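User: I have a model open and would like to understand the words used to describe it. Could you take me through the reasoning behind them?

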Amino acid sequence: MAKILVVDDSPITRAMISDFLVMSGHQVIGEAEDLKQTLAAYSAHHPDLVTLDLSMGSEDGFTVLRALRASDAKAKVLIVSANTQLEIYDDLIKEGATGFITKPFTIADLVTAVTKGLGA
Amino acid sequence: MNLSEDAQKALTAVVAAGAAGCASKLGEVTHHEWSVDGVTVSLDEAGPFAEVLASVAVDHYGSHLSFPGGSFLVLCSGKSGYLITSAFTRDVQDRVESMPKREAHALGEVSNIMLNPMLGHLAKAWGMSLIISSPKSGLASQREHLSRALARYKEGTPLASTFFIKLVSRQLFSECLLLLFLDRSLVEKIAAR
């Protein structure tokens with residue numbers, strides 16, 4: 001069981017990811033919808049993995065990813081996005097993301113991506 | 001904006017192919033089949049909106065998303081919005097049932113998921129890399145949604161073309177109208193390629 005922080009500006013998607021993670025035996029230590037909440041939750045709980053949306057209201061995923069990696073160079077961040085342009089994911093991996101999963105996804109897709117991300 | 005007939009046909013073909021991907025993704029998230037029931041384009045800013053603006057002012061769910069050089073507006077009636085939301089959230093219904101603005105949140109996310117493959121298709125065809133904004137969704141009259149979508153064009157950015165794409169699901173008894181607005185700067189860039 002891993003401690004996971006779910007970051008997405010959509011409450012519906014946060015609910016889906018959190019429920020799928022709990023159903024698959026993980027512990028969701030918190031949910032965040034912007035950069036400020038993400039950094040606060042990360043420093044309070046030190047999760048094993050963060051799931052991070054690419055397009056959020058006030059900041060994009062690149063900004064949040066860079067801020068997380070600046071606060072902890074070992075932070076494991078799994079990008080969760082509907083974007084289908086692979087070159088953008090290449091850039092995110094170069095920025096330190098541990099992997100990505102595209103929306104929509106099944107519980108099995110999410111578990112596979114999380115397991116892979118935790119092992120990275 | 002003046003576009004040659006060939007350039008207009010090429011642009012429409014790219015958008016129509018993107019719309020097919022959009023319908024397919026919408027089918028995936030709602031677990032029901034969707035199809036494209038027509039793609040029309042207008043190069044005239046004043047003309048194409050008359051029909052929408054003249055229609056009965058029944059509130060619709062509208063999701064606004066933008067990208068560098070253009071924007072999307074997805075319009076759904078209250079009934080379609082409810083049916084799409086219920087289908088999309090079926091696995092987490094207990095948790096989202098009493099969520100305030102459930103439909104608006106769900107339809108924003110559905111729009112995000114279905115428009116990204118379309119934007120990816122357009123970006124690839126145009127040799128670009130594009131990231132879509134987070135959706136802004138709500139319930140309002142079609143006139144209000146359209147005014148909101150066109151506001152940026154009153155601030156000096158000229159509108160070059162508008163695509164009207166109708167998406168229909170006979171299985172889910174639902175339909176959506178997708179509008180794609182392209183700025184003149186982007187269309188000029190595409191036409192020059």
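User: What makes the sheet in chain B an open one, and in which order do its strands lie?

Analyst: Happy to help, and please keep in mind that this is a predicted model. The sheet has 6 strands in the order 1-5-6-3-2-4, paired antiparallel. Strand 1 (35–42) and strand 4 (136–141) of chain B each pair on one side only, and these are the edge strands. From one strand to the next, the twist averages 20 degrees.

User: How do you know that strand 2 and strand 3 of chain B are paired?

Analyst: Pairing requires at least two bridges between the strands. Strand 2 (residues 59–67) and strand 3 (residues 70–77) of chain B are joined by 8 bridges and run antiparallel, so they count as a pair by the cut-off of at least two. One bridge to look up is the one between F67(B) and G70(B).

User: Which helices pack on this sheet?

Analyst: One is helix 3 (residues 78–88) of chain B, which touches strand 2, strand 3 and strand 6 (174–183). The direction of helix 3 of chain B makes about 95 degrees with that of strand 3 of chain B. Another is helix 5 (residues 102–125) of chain B, which touches strand 2, strand 3 and strand 4 and makes about 40 degrees with the direction of strand 2 of chain B.

User: Why are helix 1 and helix 5 of chain B called roughly antiparallel?

Analyst: Two packed helices are described by the angle between their axes and the distance between the axes. For helix 1 (residues 5–30) and helix 5 of chain B, the angle is about 150 degrees and the axes are 8 Å apart. Angles over 145 degrees count as roughly antiparallel, and helix 1 and helix 5 of chain B are therefore given that label. Their crossing is right-handed.

User: What makes up the contact of helix 1 of chain B with helix 5 of chain B, by class?

Analyst: It has 14 nonpolar, 3 polar and 1 charged residues. Helix 1 of chain B contributes residues including V14(B), A17(B), C22(B) and K25(B), while helix 5 of chain B contributes residues including V110(B), I113(B), M114(B) and H121(B).

User: And where two chains meet, why is helix 1 of chain A called roughly perpendicular to helix 5 of chain B?

Analyst: Their axes come within 8 Å and cross at roughly 80 degrees. The range for roughly perpendicular is 65 to 115 degrees, so helix 1 of chain A is placed in that group relative to helix 5 of chain B. At this crossing, P11(A), I12(A) and T13(A) meet H105(B), A106(B) and E109(B). By class, the residues of this contact are 3 nonpolar, 2 polar and 1 charged.

User: Which helix of chain B gives the most to the side that touches chain A?

Analyst: That is helix 5 of chain B, with 10 residues. In the whole contact, 23 residues of chain B meet 20 residues of chain A. Helix 1, helix 4 (93–96) and helix 5 of chain B each supply at least two residues of the chain B side. That side divides into 10 nonpolar, 9 polar and 4 charged residues.

User: How do you know whether V6(A) is buried or exposed?

Analyst: The cut-off for buried is 20 or more other C-beta atoms within 10 Å. V6(A) has 27, so V6(A) is buried. V6(A) sits in strand 1 (residues 3–7) of chain A. Leaving aside residues up to four places away in sequence, V6(A) touches R14(A), I17(A), S18(A), V28(A), E31(A) and T51(A).

User: Are H46(A) and H31(B) buried or exposed?

Analyst: Exposed means 12 or fewer such neighbours. H46(A) has 12 and is therefore exposed, and H31(B) has 11, so H31(B) counts as exposed too. H46(A) is in the loop between helix 2 (35–45) and strand 3 (49–53) of chain A, and H31(B) is in the loop between helix 1 and strand 1 of chain B.

User: What makes the backbone at H46(A), H31(B) and P104(A) worth a look?

Analyst: Most residues other than glycine have a negative phi, and most peptide bonds are trans. Phi is positive at H46(A), near 45 degrees, and at H31(B), near 65 degrees. The peptide bond from K103(A) to P104(A) is cis, with omega near -5 degrees. P104(A) lies in the loop between strand 5 (99–102) and helix 5 (107–119) of chain A.

Definitions and conventions: Residues are numbered from 1 along each chain as its sequence is written. Chains are lettered from A and ligands numbered from 1 in the order in which they are written. This is a predicted model: local features need pLDDT of at least 70, side-chain atom pairs count only at pLDDT 80 or more; totals for chains, interfaces and linings use all residues. Helices (H or I, at least four residues) and strands (E, at least two) are DSSP runs, numbered from the N terminus. Axes are lines fitted to C-alpha atoms, for helices over the stretch in contact, and angles run from 0 to 180 degrees between N-to-C directions. Two residues are in contact if their C-beta atoms, placed from the backbone, lie within 7 Å. Angles under 35 degrees count as roughly parallel, over 145 as roughly antiparallel, 65 to 115 as roughly perpendicular and the rest as oblique. A crossing is left-handed if the near helix is turned anticlockwise from the far one by less than a right angle, and right-handed if clockwise. Ala, Val, Leu, Ile, Met, Phe, Trp, Tyr, Cys and Pro count as nonpolar, Asp, Glu, Lys and Arg as charged, and the others, Gly among them, as polar.
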